[in-house]
Amino acid sequence: MADHLDLHTVGDLLHHYPRRYAERGELTRLSDLPLDEHVTVVAQVADARVHTFNGGRGRRLEVTITDGSGRLQLVFFGKGVHKPRTELQPGTRAMFAGKVSVFNRKRQLAHPEYKTLGAESGAEAVEAFAHQLLPLYPACKQMESWQIQQAVDTVLGPAGHEETALAGLVDPLPESLRAGRGLATLPEALRKIHRPRTKADIAMARDRLKWDEAFVLQVALARRRRADAQLPAVPRKPAPDGLLAAFDARLPFTLTEGQRRVSEEIFADLATEHPMHRLLQGEVGSGKTMVALRAMLGVVDAGGQAAMLAPTEVLAQQHHRSITEMMGELAGWGLWRDAPAQEGGLPGGAEQGTKVVLLTGSMGAAARRQALLDLVTGEAGIVIGTHALIEDKVQFHDLGLVVVDEQHRFGVEQRDALRSKGKQPPHLLVMTATPIPRTVAMTVFGDLETSVLDQLPSGRSPIASHVVPAKDKPHFLARAWERVREEVAAGHQAYVVCPRIGDDIGDEGDGARGAARPSAEDEAEKRPPLAVVDVAEQLTKGPLRDLRVEVLHGRMPPEAKDEVMRRFAAGEVDVLVATTVIEVGVNVPNATVMVIMDADRFGVSQLHQLRGRVGRGSAPGLCLLVTEMPEGSPARARLGAVAATLDGFELSRIDLEQRREGDVLGQAQSGVRSSLRVLAVIDDEEVIAAAREEATAVVAADPELAGYPELRTALDALLDKERAEFLDKG
């Protein structure tokens with residue numbers, strides 16, 4: 001049990017809560033048994049026989065029972081034969097509970113639970129058995145649910161005497177909070193979660209235990225925020241007429257209200273003597289990169305350097321290209337570091353400029369050496385790179401700001417390694433285009449302040465999305481390719497996205513989150529996902545022949561990828577057939593249509609990300625979600641939800657509701673197992689928000705928790721070594 005379920009102590013066992021409860025159900029007459037339902041019957045054993053099979057190695061006990069209205073067969077196999085063989089003799093009256101199935105056209109119960117009834121057993125005993133709630137525990141092959149229940153029963157002792165066993169429990173909730181919120185005591189909650197008499201018992205227990213989880217986690221995060229607030233950092237205030245002002249002056253558009261508001265929040269943080277820890281959420285195309293760039297320029301203005309960490313080389317190169325384009329002549333370097341302007345600024349470099357360098361793993365040795373030199377001397381004010389930035393060889397002159405793009409692609413350790421390169425802790429800005437519901441942000445990124453960009457810049461066009469049922473209506477797919485041709489004829493460009501690269505490499509694309517979810521129940525999922533290489537070939541020979549079609553995927557050499565993206569951005573390619581490598585950061589305003597093949601193989605948030613690559617210019621965008629899933633299937637419903645709304649927050653809520661809680665937290669917690677057992681980050685918004693308030697107040701009044709020894713103990717249990725490292729590095 002210890003190894004397989006991570007249960008090492010009595011406390012671990014008591015906090016291993018039932019996942020759900022089975023009801024034995026109303027008493028049912030044998031003549032009325034419904035198929036595939038859990039039933040409870042009271043009947044008498046008519047006969048019982050043991051049969052052998054497999055040359056005598058296998059044993060099967062068949063018991064026939066009757067209640068006067070009909071007959072029913074019970075079957076027991078293997079070692080499960082011994083006990084019922086002795087207890088269920090003909091004439092024995094008992095209650096039997098199980099799920100009704102059919103074998104050889106006869107109804108039966110396989111391995112039912114049963115309780116023999118003595119002559120004195122009255123209607124009350126029968127009713128109590130029939131209506132009892134049976135806890136079903138998260139189990140594993142080595143430890144069945146009923147074995148866990150036996151272990152819990154051993155710990156709790158006889159019914160009605162649980163208080164004795166639970167007397168020494170450490171209760172993490174301060175008594176004033178528990179009483180003030182009207183919550184059950186911990187012994188009462190544990191008794192009711194493991195041995196409920198009614199559904200109200202379960203609800204009361206869960207309400208209390210959710211508070212334990214939410215509160216202890218929020219106390220850990222509140223202490224983390226407080227510790228961060230104590231750290232020293234260099235305030236970075238942009239000069240009034242420096243690089244940022246020069247950049248703003250040459251912008252061809254005005255910032256949105258949201259961009260201005262979020263920028264103010266960031267600059268207020270940067271001006272303090274403690275490191276900024278801010279999460280910037282923004283819809284695809286809401287202008288996060290612009291906000292981040294202005295923050296970086298402000299830090300450069302103040303004499304520091306800024307580093308942007310991107311998850312892929314394609315994205316790092318894209319950011320480097322778009323940032324140097326946005327900066328124009330300011331992406332040189334000149335007088336701001338007291339260096340003579342003539343000493344090799346970029347051609348046309350402005351006096352207030354700064355060098356913007358790229359650092360990736362695949363760079364040539366000479367370019368890499370130069371980039372490293374520019375960083376250590378301070379010549380480069382801004383560096384954009386991949387994991388290559390984290391290597392020991394990379395040294396900064398004065399690192400003032402770290403911007404992490406697409407946070408969910410990075411472990412906390414990587415964030416930490418980059419932050420440790422500052423003389424003092426640098427400011428941190430984490431960006432994500434995956435909208436995160438407020439409760440998840442409070443739970444997963446509870447150590448970060450949150451800013452949300454929820455406006456799209458003016459000039460952005462709406463995106464129409466449609467599901468294309470390729471199997472039900474093949475002519476819809478033919479029409480999709482016609483639409484692509486029409487857009488190209490109008491001077492626009494198109495993306496075709498596939499889940500897999502191809503060449504029979506056995507890959508699943510470029511690490512697509514949520515890609516390829518094979519499930520035996522749907523025919524369409526039995527074939528491998530469509531591949532870039534194959535689809536591109538079919539299109540060039542078929543519906544898109546005579547168009548300029550190119551492929552792009554993560555296995556191509558970086559120079560080849562960059563060359564394809566450059567040509568696509570320059571309008572020299574009509575249709576780009578790609579994997580999810582284009583999911584984030586790729587910006588080609590002239591691309592107006594996207595066809596996503598096997599769209600059901602992608603997660604909801606991922607489809608939303610991909611769709612954000614079109615409609616970035618003045619022409620309206622079109623996204624076609626191609627699927628072979630039948631109408632009425634969950635996959636089709638998911639695609640319908642994506643087509644029905646452009647609200648990323650709504651979609652991320654749908655996405656999270658369809659995935660297990662641990663996936664959400666586990667991913668963000670860098671692989672550390674989720675400590676949440678009854679708390680659901682989507683449904684329990686009120687509990688999480690209230691727990692955050694209470695936790696913040698407790699930590700503000702007593703940072704060391706000297707007055708809360710039980711809470712400290714619970715916190716130590718939560719912050720086992722791994723989690724402590726996670727929170728320390730957050």
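**Exercise 1. A pair and its cover**

Glu572 has a relative accessibility of 33% in this predicted model; classify the residue, then do likewise for its salt-bridge partner.

*Solution.*
Step 1. Buried means under 20% and exposed means over 50%. At 33%, Glu572 therefore counts as partly exposed.
Step 2. The partner is Arg566, and the two side chains meet at 4.0 Å, N to O.
Step 3. Arg566 has a relative accessible area of 37%, so Arg566 is partly exposed as well.

**Exercise 2. A bridge across the chain**

Find the residue that forms a salt bridge with Arg236, and state how many residues apart the two are.

*Solution.*
Step 1. The structure holds 33 salt bridges. One of them joins Arg236 to Asp398, with the closest N and O atoms 3.0 Å apart.
Step 2. Place both ends. Arg236 sits in the loop between α9 (199–230) and α10 (243–249). Asp398 sits in the loop between β12 (380–385) and β13 (399–405).
Step 3. The two are 162 residues apart, and the pair links distant parts of the chain.
Step 4. Check the cover: both Arg236 and Asp398 are buried.

**Exercise 3. Charges on helix α17**

Describe the salt bridge between Glu487 and Arg483, and name the network to which both belong.

*Solution.*
Step 1. Recall the principle: side chains of opposite charge can pair when their charged atoms come close.
Step 2. In the Glu487–Arg483 bridge, the N to O distance is 3.3 Å.
Step 3. Both residues lie in α17 (residues 474–489), 4 residues apart, about one turn of the helix.
Step 4. Their cover is not alike. Glu487 counts as buried, at 13% relative accessibility, while Arg483 is partly exposed at 22%.
Step 5. Widen the view. A network of salt bridges links Arg479, Glu482, Arg483, Glu486 and Glu487.

**Exercise 4. The surroundings of Thr592**

Which side chain makes a polar contact with the side chain of Thr592, and is Thr592 buried or exposed?

*Solution.*
Step 1. Thr592 belongs to strand β20 (residues 591–596).
Step 2. Its relative accessibility is 1%, so Thr592 counts as buried.
Step 3. The polar contact is with the side chain of Glu487, at 2.7 Å. Glu487 thus returns from Exercise 3, where its side chain bridges to Arg483.
Step 4. List the other neighbours, leaving out residues up to four places away in sequence. Besides Glu487, Thr592 touches His492, Gln493, Val614, Ala619, Pro620, Gly621 and Leu622.

**Exercise 5. The two sides of α25**

Which residues of helix α25 (residues 709–718) are buried, and why do they line one face?

*Solution.*
Step 1. The buried residues are Leu711, Ala714, Leu715 and Leu718.
Step 2. Look down the helix axis. These residues fall within an arc of 100 degrees, so they line one face of α25.
Step 3. Turn to the face away from the buried side. Asp716 and Ala717 are the exposed residues there.

**Exercise 6. The whole chain**

How many disulfides does the structure hold, and what percentage of its residues is buried?

*Solution.*
Step 1. A search of the whole structure finds 0 disulfides. Two cysteines can be checked for cover: Cys498 is buried at 0% relative accessible area, and Cys623 counts as buried at 1%.
Step 2. Of the 730 residues in the protein chain, 53% are buried.
Step 3. Add the architecture: 26 helices and 21 strands.
Step 4. Take contacts between residues at least 6 apart in sequence. Of these, 74% join residues at least 24 apart.
Step 5. Finish with the surface. The accessible surface comes to about 32,100 Å², and carbon and sulfur atoms account for 51% of that.

Key: Residues numbered from 1 in each chain as written. Predicted model: local features only at pLDDT ≥ 70, side-chain atom pairs only at ≥ 80, totals over all residues. Heavy atoms only, no water. Buried < 20%, exposed > 50% of the residue type's maximum accessible area, 1.4 Å probe, protein only. Polar contact = N/O pair within 3.5 Å; in protein donor to acceptor, adjacent residues only side chain to side chain. Contact = heavy atoms within 4.5 Å. Areas by Shrake-Rupley, 256 points an atom, 1.4 Å probe, with all protein chains shown as cover. Arc of directions from axis to C-beta. Disulfide = S-S within 2.5 Å.
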